[in-house]
Amino acid sequence: MESDLGLWAIPLAVIGGAIRVSTPILFVSLGETLTERSGRINLGLEGTLVFGAMAAYATAVLSGSPWLGVLVGALCGAVFGLIHGVICSIPKVNDIAIGIAMMLLGTGLAFYFGKPFIQPVAPDLPAIPLGWWSDLPQVQAALNVNVLFVIGLIAALALAWALRATRPGLILRVVGDSTDAARAMGLRPAMIRTMATAIGGAFAGIGGSYLSLYYPGSWNEGISSGQGLMAVALVIFARWSPINCFWAALLFGGAGALGPALQSVGVTQGYYLFYAAPYILTLGVLIATSSTSRALTGAPGELSITK
Amino acid sequence: MAAVEQIFRATEAAGFGSLIRRSEAVAVPVLALIVGAAVFGLFLLTQGKSPVDFIAYVWQGGFGSAFSWQNTLSRAAPLLMAAMCVALPARLGLVVIGGEGAIVLGGVATGALGAHLAWAPAPLGITLMVIAAMAVGGIWIGMAGALRHYRGVNETISSLLLSYTAIALMNHLVEGPLRDPASLNKPSTAPLAETMRVGPLPGMDVHWGLALGVLACILCWILIERTAWGFAARIAGGNVRAAQVQGLAVGKLVIGFTALGGAIAGLAGFFEVSTVHGSANASLAAGYGYTGILIAFLARQNTLAIIPVAILLAGIEASSGLVQRRMGLPDATMQVLQGIVFISILMSDAAYGRLAIFKPKGN
Amino acid sequence: MTDFLSKSPRSTLSRRDLLRGSAALGGVAALSGFPGVARAQSALTVGFIYVGPRDDFGYNQSHAIGAAAVKAMEGVTVVEEENVPETIDVQKSMESMINFDGATLIFPTSFGYFDPHILTLAPKYPDVRFEHCGGLWSADKHPTNVGSYFGYIGMGQYLNGIAAGHATKTKKIGFVAAKPIPQVLLNINSFLLGARAVDPSITCQVIFTGEWSLAVKEAEATNALVDAGADVITCHVDGPKVVVETAAGRGAFVCGYHADQSALSPDKYLTGAEWNWAKVYTDMVSATMKGEAIPNFVRGGLADGFIKMSPLGPAVPEAGRAQFEAVKAEIEKGGFSVIKGPLKDNAGNVVATDGQAFLETDPALEGMAYLVEGVIGSTS
């Protein structure tokens, strides 16, 4: 049935892992990029991700439709984003702190309402078999690409283009770079930031629905294990560029597959250190590409975390 | 309200106007706490549960008896130190979220060293372990500060990455090179010699970490508010360029404050091992570092305010079991409560200086 | 399982009513300064503490099912707490159950609760009985009000291995494991040795995830095992749901663990090694109510009803069924050894000489630190 790939199993696992694991990270970082480009930071997307995962799963269980689940996940995410956005529009309220509190609220509500949905099985989202050309089942499995991954890629490209070349993109950047300049142009920064946070939340909700409806494809309380928080941090790594978010998510997902893949080819010692590969690699790239002179390249001027 | 108003005006007339302005710093968050609890009460009502019972159980479980207080204070101890790892760098405008890593590695250092200290008299051995734990924690978070200063690496992401790396390192060490073969199904370092264990505070069932945590909060407050270093940090936190123009050593401040924060978090790791666990193991990664972030922000990075906030949070967690058992609510209920209450308290920041009652009328 | 899911509405209702009554009392008492415990009176209050969510399709659920059986007993009040970490938290949870609920029998169900947490608390509450799952109680080291119990679930994994040995085509089976600790190593070894009882050429690939509950890593490990050619997968993590679903989704067969996961994939599920804590807990509670002492060191296997096997799935061939039932009968008779010589570990060291055999009751097995020949993996 399956044939022995030898050491080729490692690059294949990394590619497969990158495709499987990256999607939720990609959606959260895209959403956060949008939010941060408007000059706000929403640290609470971990909670949004988890709630989105629960809401999507519950909807899919009850309705039988995974796509309805994704929609509900996105809507719930938008609501969380909206709450964060509205609260942070009040003067003197700290967006980082509200984000942390929202993280607690999101995971708390998800666990609270998610208890009855741990046991039932929900229908999965469909995947596109891009590995049809190969006879190897491993290749076919690795290239079984979920539709949301493709949508994420398109969203990254579209977002990059929209930020660069469209009027809403320009408005978002102006608001993110200078509240005063935005006001002078007759824009309403608080309103625009709130919208950007709501849309960012919707992205995170979709990311959550991928977790529960495709990979790993079930709802339980350990479903995210901090991926949302990591994805928010990766936005800084990606220097607020949607395209870079895509690469960062791939790097992160691929590096995460190293641990199991190395064990499967017989490199069995020190697996904790291999499991830390995504963090160490990201830190390494970050150190290599940073410098004091351009520390804030790409950073929105109004962003509290880099001010 | 009118009565309060009268008392305030009388106080003011007696020449204690500043007392009123100070009371605002207490009254506003307390009011916000009540509002938050009320909103949560509405949530409970939608779930068919009694908010009155709930509050009674939180009180009973967290603060209502000697046992409840000891429960609360035991939980508060590591949180005090974890919050400091956020609050100190925050005075320089840095957002450090990786304190968990310093706690974990501080614990590992304590466990690794403590197992070999049977020869040492207790004061010496304990001093050595404290130094080791604080040094490791300080270096770990200090690295984030150094990377920030020398390479311009954002400290928020680097501290988070370092924290995950620290947890992996801890797991590797306690299951590999440092594993005590006798620890069987809970891989741990060799147990600390009995003389190296730190006992409870006199007359209480709460360990010394609480006292040291409170002391650290007070000392850091003095450092920030009453010393030249603290003054320099506050200037640099407000405006790095201005600080540099003034000739302040911003680099030393950044590395010093992050390292100090990390060292205090490392001390939390020391207490976990020397008082609770007796050896280092995976239970060191209990999430105190992440809770500390929330506490520091709720305390508005004021190290004295960290003390009541940490106790409040610990009290809520201490009562969680009673609420689960008596009301049939899932444990996540407490997270929902914390989320709502903290959002309410954080929103109340907007109310400072806006409530007419706290404004002096005399001048 | 389904009973557990629906949480049998009738009993929940009555319990809820009861709770509400006592809660109202407690509430009134609370506002007037807490005179202490205001709870429904019963002969015995029993506490259960879980390290994870009690409906995790695995370890914690198996205990919660046991607790539910105790709850149904006459004259017993059950109090439960879930997601309690192995820190000072569990000490305080136990004390809270003792102080507020009057619990006199407590089942802290996670291994990590034993040392130091139960051992710290037990001398302080000599009238409370602490019954711990998985610990190695010893008379010269531990307090007498502490007991430890466990089941010989390795035998279940051996039977899993027999079913796997008949189902595998690639002659390679896979094991997703949390950490290389004795309980897990014994399960891995038993799984492979069961399969080798069918075909000695079978090998078993193990991947450690390093955590007891980490969904994404468990899914990645399962994928890596299938990619490496394993076509029957089992696991030892707290909640096997992700492993079972991922493996079945990749077309591999699965053997369950902790609880019955057959509902997740009836076609691919071969069998499973399940805990039967309901029996253990109801026995211990009724002994306590009769005033009888529970032995401090309790162990049991298939014959004692401590563990049981999920019904064989349709994918197990006829020859497999026969061998499975025969070996199961032999295990239940007693005297059966999984670990017996000549046997080497996968580093080439002899772990059992020719003629040497370890009975399931042998405490030496509870300190296992090796993987047997044929297991691809390492213990550190």
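Here are some worked exercises on this predicted model.

**Exercise 1. Getting a feel for chain C**

Task: Work out how many helices and strands chain C has, and what share of its residues is buried.

Solution:
- Start with the secondary structure: count along chain C and you get 11 helices and 17 strands.
- Next, go for burial. Of the 380 residues in chain C, 64% are buried.
- Now look at the outside: chain C exposes about 13,100 Å², and carbon and sulfur atoms supply 55% of that.
- Finish with the contacts. Take those in chain C between residues at least 6 apart in sequence, and 67% of them join residues at least 24 apart.

**Exercise 2. Walking across a sheet**

Task: Find the order of the strands in the open sheet of 7 strands in chain C, and say which strands sit at the edges.

Solution:
- Remember the basics: strands of a sheet pair through backbone hydrogen bonds, either parallel or antiparallel.
- Trace the sheet in chain C and the order reads 12-10-9-8-6-7-17, with mixed pairing.
- The edges are strand 12 (307–309) and strand 17 (375–376) of chain C, since each pairs on one side only.
- Zoom in on one edge: strand 17 of chain C runs parallel to strand 7 (residues 203–208), and 2 bridges join them.
- To spot this pairing on screen, look for Gln205(C), which stands opposite Ile376(C) in strand 17 of chain C.

**Exercise 3. Two salt bridges in chain C**

Task: Compare where the partners of Asp227(C)–Arg250(C) and Lys279(C)–Asp283(C) lie along the chain.

Solution:
- A quick reminder: side chains of opposite charge can pair when their charged atoms come close.
- For Asp227(C) and Arg250(C), the closest N and O atoms are 2.7 Å apart, within the 4 Å cut-off for a salt bridge.
- This pair ties together distant parts of the chain, 23 residues apart: Asp227(C) belongs to helix 8 (residues 215–227) of chain C, while Arg250(C) is in the loop between helix 9 (241–249) and strand 9 (253–258).
- Asp227(C) counts as buried because its relative accessible area is 13%, under the 20% limit.
- The side chains of Lys279(C) and Asp283(C) also meet in a salt bridge, at 2.7 Å from N to O.
- Here both partners sit in helix 10 (residues 277–289) of chain C, 4 residues apart, or about one turn of the helix.
- Lys279(C) has a relative accessible area of 31%, so it is partly exposed, and Asp283(C) is partly exposed too, at 38%.

**Exercise 4. Following Lys115(A) across an interface**

Task: Find the salt-bridge partners of Lys115(A) in chain A and in chain B.

Solution:
- Within chain A, Lys115(A) meets Glu221(A) in a salt bridge of 2.7 Å, N to O.
- The two are 106 residues apart: Glu221(A) is in the loop between helix 9 (189–213) and helix 10 (227–237) of chain A, and Lys115(A) in the loop between helix 4 (95–114) and strand 1 (127–129).
- Both Glu221(A) and Lys115(A) are buried.
- Now cross over to chain B: Lys115(A) forms a salt bridge with Asp331(B), with the closest N and O atoms 3.6 Å apart.
- The interface of chain B and chain A has 1 salt bridge, alongside 5 residue pairs in polar contact.
- On the chain B side, helix 7 gives the largest share of the residues touching chain A, 13 of them.
- To size up the interface, note that 44 residues of chain B contact 46 residues of chain A, and about 4,100 Å² is buried, 76% of it from carbon and sulfur atoms.

Conventions. Residues numbered from 1 in each chain as written. Chains lettered and ligands numbered in written order. Predicted model: local features only at pLDDT ≥ 70, side-chain atom pairs only at ≥ 80, totals over all residues. Heavy atoms only, no water. Pairing = 2+ DSSP bridges. Buried < 20%, exposed > 50% of the residue type's maximum accessible area, 1.4 Å probe, protein only. Contact = heavy atoms within 4.5 Å. Areas by Shrake-Rupley, 256 points an atom, 1.4 Å probe, with all protein chains shown as cover. Buried area = accessible area lost by both parts, 1.4 Å probe. Polar contact = N/O pair within 3.5 Å; in protein donor to acceptor, adjacent residues only side chain to side chain.
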